[in-house]
Amino acid sequence: MAAAYPERVIPGDIGTQLAAILRAAAAAGELPPQAGTMMAAGTWRRAPATAGGGPGSYATSLPFALARLTGRPPAGLAAILAGRLRGAAGVRAAMATGAGYLTVAVTDAALTGLAPRIAAAGPACARSTALAGTSLPGQPEPDLAAAVSWTQAWRWQTGAVTARLAAAAGATIINTAKRDLPAAPDPPPGPAAVAVAIEYAGLDGVRYALTRTAADRAGVMGRLICVSHDRENPFYSVSLAHADAASTLRWASDLQLSRGGPGALAAGRLDHPGERELLDELSWLPERVAGAARRGQPHQLAAYLEDLAAAWLRCRESCPALPFGGLAAPRDAGGIAARLWLADAARTALAAGLALMGVAAPERL
């Protein structure tokens, strides 16, 4: 599926096609002129199973916004959009569902093709234009050890991460260099709790814990810091998934196993349920980044990364990429290449998400 911005993935691709349909309809007088400027960004959700959902299926509430503009029933508008979207590049099916959602399923080739697209995009795989035309005051990277309370540390970290997320989603960040962090009150005697936690858990662990915490939990952060090296610790689980994907690629290089070029990822590959689940999870990264920025809730990105990490760890168990992975390992060069592309995509997406939090992505654990 071609897109105006190669780093955008499936919801962005479909949104680009829908925007072109709306512009054409507005130009032809079939819809009001305002419809020609509408975008699907921010309206996407997973298509429910009752509406033909599954990996590679996406539902948008855009017809409801069109209905408010035109006074026409959303279900009818969804059916019109579905009819015009059918046959578009990468689209397998499009239909009106529910009270007026537009549900789109992409082809297997479009879903499989995500792996090399994400790997090639690098950090840009998290970008979109969802917030283009908006602006947000920036914040410098905070010195969390200087915070005198968990609430203050949370506010600093949340502000800095939200600005990075918004920039990745296409917003303009203003006055980043000149904006001062909120003034801190005089610190109490003795070491501040945040500084002690950084010394205990590490700066990245504290940054991650702050980012994944919602506003109503900020004041009790000290009880939420976890340093255990097991998958019950969300920070360790995400770090493990990145390190594991990076190790898969490193071992493949040591074994002189090649993934070839993107064209080597032939049709029919990556069709195991675990692989398709992971591809589907990967496809939501730019949308989740933009949504977290739009709401000022970066903990939503952390929740997404934890789901993505879990999907990779499940996939690598059921679909190992390397020959020593047991009976489930691929037996031919094409199968190995496809799973190496998938490992690279998982590594790239996890690293991009962690970088937006200001957290390093470890190559080894």
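Strands E3 and E4, the latter spanning residues 101–106, are joined by six bridges and run antiparallel. I should say at once that this is a predicted model. Within that pairing, Ala96 has Leu102 of E4 as its bridge partner.

The pair belongs to an open sheet of four strands, ordered E1-E2-E4-E3, with antiparallel pairing. Strand E1, residues 44–46, and strand E3, residues 91–97, each have a single partner strand, so they stand at the edges, and one side of each lacks a neighbour in the sheet. From one strand to the next, the twist averages 25°. Helix H3, which covers residues 74–85, lies across E3 and E4 and runs at about 170° to E3.

I turn now to the helices. Two packed helices are described by the angle between their axes and the distance between the axes. For helix H5, residues 114–121, and helix H13, residues 333–357, the axes come within 8 Å and cross at roughly 45°. H5 is therefore oblique to H13. The crossing of these two helices, H5 and H13, is left-handed. Which residues make the contact? On the H5 side they are Ala115, Pro116, Ile118 and Ala119. H13 contributes Trp341, Leu342, Asp344, Ala345, Thr348 and Ala349. By character, the residues of this contact of H5 with H13 divide into eight nonpolar, one polar and one charged.

Leu342 also leads us to another residue, Leu278, since Leu342 is among the residues that Leu278 touches. Leu278 lies in helix H10, residues 273–282. Is Leu278 buried or exposed? Its relative accessibility is 0%, and because buried means under 20%, Leu278 counts as buried. Leaving aside residues up to four places away in sequence, Leu278 touches Leu308, Ala311, Trp312, Cys315 and Leu342. Leu278 and Leu342 are 64 residues apart in sequence, and their C-alpha atoms are 8.5 Å apart in space.

My last residue is Leu136, found in strand E5, residues 135–137. With a relative accessible area of 27%, Leu136 is partly exposed. What does Leu136 touch, not counting residues up to four places away in sequence? The residues are Thr162, Ala163, Ala166, Thr172, Ile173 and Ile174. As for Asn175, it is 39 residues from Leu136 along the chain, and the C-alpha atoms of the two are separated by 9.0 Å.

To close, I return to the two leucines: Leu278 is buried, whereas Leu136 is partly exposed.

Note on methods
Residues numbered from 1 in each chain as written. Predicted model: local features only at pLDDT ≥ 70, side-chain atom pairs only at ≥ 80, totals over all residues. Heavy atoms only, no water. Buried < 20%, exposed > 50% of the residue type's maximum accessible area, 1.4 Å probe, protein only. Contact = heavy atoms within 4.5 Å. Pairing = 2+ DSSP bridges. Axes fitted to C-alpha atoms, helices over the stretch in contact; angles between N-to-C directions. Parallel < 35°, antiparallel > 145°, perpendicular 65-115°, else oblique. Left-handed = near helix turned anticlockwise from the far one by under 90°. Nonpolar A, V, L, I, M, F, W, Y, C, P; charged D, E, K, R; others polar.
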